[in-house]
Every structure is written in C-alpha cells, then in structure tokens.
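Welcome! Below are some short exercises, each with a solution worked out in steps. Take a look at the structure first, then try each task before reading on.

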Amino acid sequence: MKSYQSVLILKADLDDAQVDQVIEKITEFLSKNNGSLLKVDKWGKKRLGYRIKKSRFGYYLNIYHTCESLKVSALEADYKLYDLILKFLVIKLSAKELEQEMKSDEIDNGVEEAKEKKPVTKSESDNGVEEVKEKN
Amino acid sequence: MARSSGNKISKSTRKKTQFTQKICRFCADKVTRIIFYDIKSLKPLISERGKIVSSRISGNCAMHQRRLTTAIKRARNIALLPFAEAS
C-alpha cells in the first residue's frame, strides 16, 4: 500500500458542514478500496494564483492517505466528477516523506484572505445556509 | 573546470576577476526536501512575471534547482503560484 498526498481546491463559499461532507465522501471511497485517511489539514480560504472556473478564491484541503496504486486513477476520476472540487493534485509520497509530513506542523502561507470571511451571526445562520444553497 | 584551472595560473599573469561565490540557500539551511506548498521559501526564487529564477542567478546547486523546479510546477498546478503574471 502506497501513501499519497492530495490537495483539493473546493469552492470558496462552502460551510464547514459541506467541507466535512467532502471529507466523508473521500473516506468512504478509500475504505471501499482498502485505503485509509491519515491526516487532514484545512488550509482554509485563499486567493488563487489564477482563475479556476471563473472563481478567484478557493477553499484548500490537504489530505494524506493510503490507497491501492491501481485505484488512484479511479480516485482522480471521482474527484473530477465531484462538482464541489475545482481542482486537485495527487502526489505519491515515499515512506520518508510521509514521516516528515506527519511530523511537520502546518506551514502558514498567506492566509490573510481568510480574514475576509464575512462574520455570520448565529441568529442568521439558518438564512445563511439557504443563501449558499441558492448560489450553488 | 575553467574556474578551478584558472586559479592554478600564477596571479601575476592573470588579471584578478572578482566574483563572489554564491552559496546555495538550500545547502546552507541543509534542506533535503523542498516542499511545494511552502510558498514563503519559493517566492524569492520567482521573478516578477512568475518565471523560475535560473540557478546562474540564484546560485542554487544543481540538485536543489532540480527539486525546486518540480516544487514550483506543482505549486503552479494547484494555483498556489501563478503561471504568468501581468507586467
């Protein structure tokens, strides 16, 4: 079993619940194919280096997992079909690299954009969810 | 090769060409692996247009320059860095 790192760019205007949904979907796929989730980093909302599908911002997810080497192409096909994912990158990690990644803490790189998030008051949270659904 | 043989010629016959030996910044920090999502370490090795700075200018050693290019290309793929920036 080889270990992989996949970085996903999700749509920027997702709730935490929707992000968790994406993670759940991936864990489901991995458990079906004898893989397992090792670590999930949420990098949060960031400005993209260039526009992807007309959006300037994206929500970054960094996932470390194991997967059967033959099923990686299937995993990538799954990513492609999932419409919340704008773009993805899957990289094979050697055992040494994986060790380093699991040890290292998150590297903070330009998360200034995350501060732009609009503060949603709890009383209006129900309305907020509806608005997001309409946008999608 | 040329540089090392140049030193053997007696100093009086040759004009001294001054050049400061650039040191690979990754060798200095003893970095073995360049991480593609660590943008802070990649940013100074990219031009204003978003091009990769050559090792001739940056002074990186060949091994680290090779690893740097793959790291930058991965960062570009996942939109952490731009492919090209308007001047």
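## Exercises with solutions

His65(A) has a relative accessibility of 1%, so it counts as buried. Keep in mind as you work that this is a predicted model.

**Exercise 1.** Find the element that holds His65(A), and name the side chain that His65(A) joins in a polar contact.

*Solution.* Start with the chain: His65(A) sits in strand β3 of chain A. Next, look at its side chain, which makes a polar contact of 3.1 Å with the side chain of Ser6(A).

**Exercise 2.** Work out whether Lys54(A) is buried or exposed, and which surface patch it belongs to.

*Solution.* First locate Lys54(A): the loop between β2 (36-52) and β3 (55-67) of chain A contains it. Then check its accessibility against the cut-off, where exposed means over 50%. Lys54(A) reaches 77%, so it is exposed. Finally, look at its partners: Lys54(A) gathers with Arg47(A), Arg51(A) and Arg56(A) in a patch of positive charge on the surface.

**Exercise 3.** Lys30(B) has a positive phi without being a glycine, and so does Ala79(B). Describe the setting of Lys30(B) and that of Ala79(B).

*Solution.* Take Lys30(B) first: its phi is near 60 degrees, and it lies in the loop between α2 (25-29) and α3 (39-42) of chain B. With a relative accessible area of 74%, Lys30(B) is exposed. Now turn to Ala79(B), where phi is about 65 degrees. Ala79(B) lies in the segment after α5 (62-77) of chain B. Its relative accessible area is 0%, so Ala79(B) is buried.

Notes. Residues numbered from 1 in each chain as written. Chains lettered and ligands numbered in written order. Predicted model: local features only at pLDDT ≥ 70, side-chain atom pairs only at ≥ 80, totals over all residues. Heavy atoms only, no water. Patch = residues over 30% accessible without salt bridge, like charges linked within 9 Å, V, L, I, M, F, W, Y side chains within 5 Å. Areas by Shrake-Rupley, 256 points an atom, 1.4 Å probe, with all protein chains shown as cover. Salt bridge = Lys/Arg side-chain N within 4 Å of Asp/Glu carboxyl O. Lys, Arg positive; Asp, Glu negative; His and termini not counted. Charge placed at Lys NZ, Arg CZ, Asp CG, Glu CD. Helix = DSSP H or I, 4+ residues; strand = E, 2+ residues; numbered from the N terminus. Buried < 20%, exposed > 50% of the residue type's maximum accessible area, 1.4 Å probe, protein only. Polar contact = N/O pair within 3.5 Å; in protein donor to acceptor, adjacent residues only side chain to side chain.
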